[in-house]
Amino acid sequence: IRTVNDHGYGVQTGIAEFDKLWKFGWAPGWLVVLLAPPKRYKTAFAINLALAIAQKQDADVLYYACEISQELAAYRGLTNITGWTQDDFYNSPEKGILAAGTALRKKLWGNIWFKGYPAKSTSLSEIRNHAKQVIKTYDLKPRAVVIDYAETVRPDTVDKKAPDWRQQADIYTQLADAATAVA
């Protein structure tokens, strides 16, 4: 199945409703921000989005968890792709590992690289440098970069005289600039 559009540049999300809206996929350099109130499954959606992109397009995805650990993010991805619950993995870890391996070989054609940072412990430049290193080391060709909970990422430059809300808004400006530069 070819999911990349005829123009060859968009990334399909693998989520039918979004792919209907953006027929040619999300274009290079787009910054897509998920907004919802607290505890409304934004992280679950972001993990599912990364999995769907990797599944449907044989695409590499970099996933930066900036609120939960990289292990928990990967674990949630495994529960999604295997259909197992967290309790299932806990009660039978050996079988869970086998089930995960089987599911990954059958369902996941691209690579997802999970990296986690504790809240407020990293900056956009640190994420960018990590991404460049991983891409070079493992010869990845990411079609998407997911930064889960970007509000917890420090901007590269901060105007100390600006109010807190303006300083926080700067992260999105810098993310948009980074997305355009990479595209």
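**Exercise 1. Strand E1 and its partners**

Which residue in E3 is the bridge partner of Tyr64? Work out how E1 is paired and how well it is covered.

Solution. The model is a predicted one.

Step 1. Begin with the E3 side. Strand E3 covers residues 142-148, and E1 pairs with this strand in the parallel sense over six bridges. Within E3, Tyr64 has Ile147 as its bridge partner.

Step 2. Turn to E2. E1 and E2 run parallel and are joined by five bridges. Ala65 has Gly116 as its bridge partner in E2.

Step 3. Check the cover. In a regular strand, side chains point alternately to one face of the sheet and the other. On one side of E1 lie Asp60, Leu62 and Tyr64, on the other Val61, Tyr63 and Ala65, and all are buried. The tally for E1 is thus six buried residues of six.

**Exercise 2. Aromatic pairs**

How many aromatic pairs does the count give? Classify the pair Trp22 and Trp26 and the pair Tyr64 and Tyr117 by the angle between their planes.

Solution.

Step 1. The count is ten aromatic pairs.

Step 2. For Trp22 and Trp26 the ring centres are 5.8 Å apart and the planes stand at 75°. Planes over 60 degrees apart count as edge-to-face, so this pair is edge-to-face. Trp22 has a relative accessible area of 30% and is therefore partly exposed, whereas Trp26, at 12%, is buried.

Step 3. For Tyr64 and Tyr117 the centres lie 6.3 Å apart with planes at 15°. Planes under 30 degrees apart count as stacked, so this pair is stacked.

Step 4. Place the second pair in the chain. Tyr64 belongs to strand E1 (residues 60-65), while Tyr117 is in the loop between strand E2 (112-116) and helix H6 (124-138). The two are 53 residues apart, and their pair links distant parts of the chain. Both Tyr64 and Tyr117 are buried.

Step 5. Add the charge and the cluster. Lys115 places its charged end over the ring of Tyr117, 5.1 Å from the ring centre. Elsewhere, ring pairs link Trp22 and Trp26 with Phe18, Trp30 and Phe45 into a cluster.

**Exercise 3. Two residues of helix H2**

Is Thr43 buried or exposed? Describe its surroundings, then set Lys56 beside it.

Solution.

Step 1. Thr43 lies in helix H2, which spans residues 42-57. The relative accessibility of Thr43 is 10%; buried means under 20%, so Thr43 counts as buried.

Step 2. The side chain of Thr43 makes a polar contact of 2.9 Å with that of Asp148. With neighbours within four places in sequence left aside, Thr43 is in contact with Tyr63, Glu67, Ile68, Arg76 and Asp148.

Step 3. Lys56 is also placed in helix H2. Its relative accessibility is 45%, so Lys56 counts as partly exposed. Between the C-alpha atoms of Lys56 and Thr43 there are 20 Å, for 13 residues along the chain.

**Exercise 4. The nonpolar cores**

Which residues have the most contacts inside the largest nonpolar core? Find the elements that supply this core.

Solution.

Step 1. The largest nonpolar core has 22 residues, and those with the most contacts inside it are Ile53, Val61, Tyr63 and Ile112.

Step 2. At least two residues of this core come from each of H2, E1, helix H3 (70-82) and E3. The most come from H2, which gives seven.

Step 3. Look at Ile53. Apart from its neighbours within four places in sequence, Ile53 is in contact with Val11, Gln12, Thr13, Asp58, Ala59, Val61 and Ala144.

Step 4. There is a second, separate core of 13 residues, which includes Leu62, Cys66, Ala131 and Val153.

**Exercise 5. Positive phi**

Where is Asp139 found? Compare its backbone and exposure with those of Tyr149.

Solution.

Step 1. Asp139 is in the loop between H6 and E3. Its phi is near 50°, a positive value in a residue that is not glycine. With a relative accessible area of 55%, Asp139 is exposed.

Step 2. Tyr149 is in the loop between E3 and helix H7 (164-182). Its phi is also positive, at about 75°, although Tyr149 is not a glycine. At a relative accessible area of 32%, Tyr149 is partly exposed.

Notes. Residues are numbered from 1 along each chain as its sequence is written. This is a predicted model: local features need pLDDT of at least 70, side-chain atom pairs count only at pLDDT 80 or more; totals for chains, interfaces and linings use all residues. Side-chain values use heavy atoms; hydrogens and water are left out. Rings of Phe, Tyr and Trp (its six-membered ring) pair if their centres lie within 6.5 Å; planes under 30 degrees apart count as stacked, over 60 as edge-to-face and the rest as tilted. Buried means under 20% relative accessible area, exposed over 50%, partly exposed in between (1.4 Å probe, protein chains only). Helices (H or I, at least four residues) and strands (E, at least two) are DSSP runs, numbered from the N terminus. A charge sits over a ring if NZ of Lys or CZ of Arg is within 6 Å of the ring centre and within 35 degrees of the ring normal. Two strands pair if DSSP finds at least two bridges between them. A polar contact is a pair of N or O atoms within 3.5 Å; within protein, one must be able to donate a hydrogen and the other to accept it, and residues adjacent in sequence count only if both atoms are side-chain atoms. Contact means heavy atoms within 4.5 Å. A nonpolar core is a set of buried Ala, Val, Leu, Ile, Met, Phe, Trp, Tyr and Cys residues joined through side-chain atoms within 4.5 Å.
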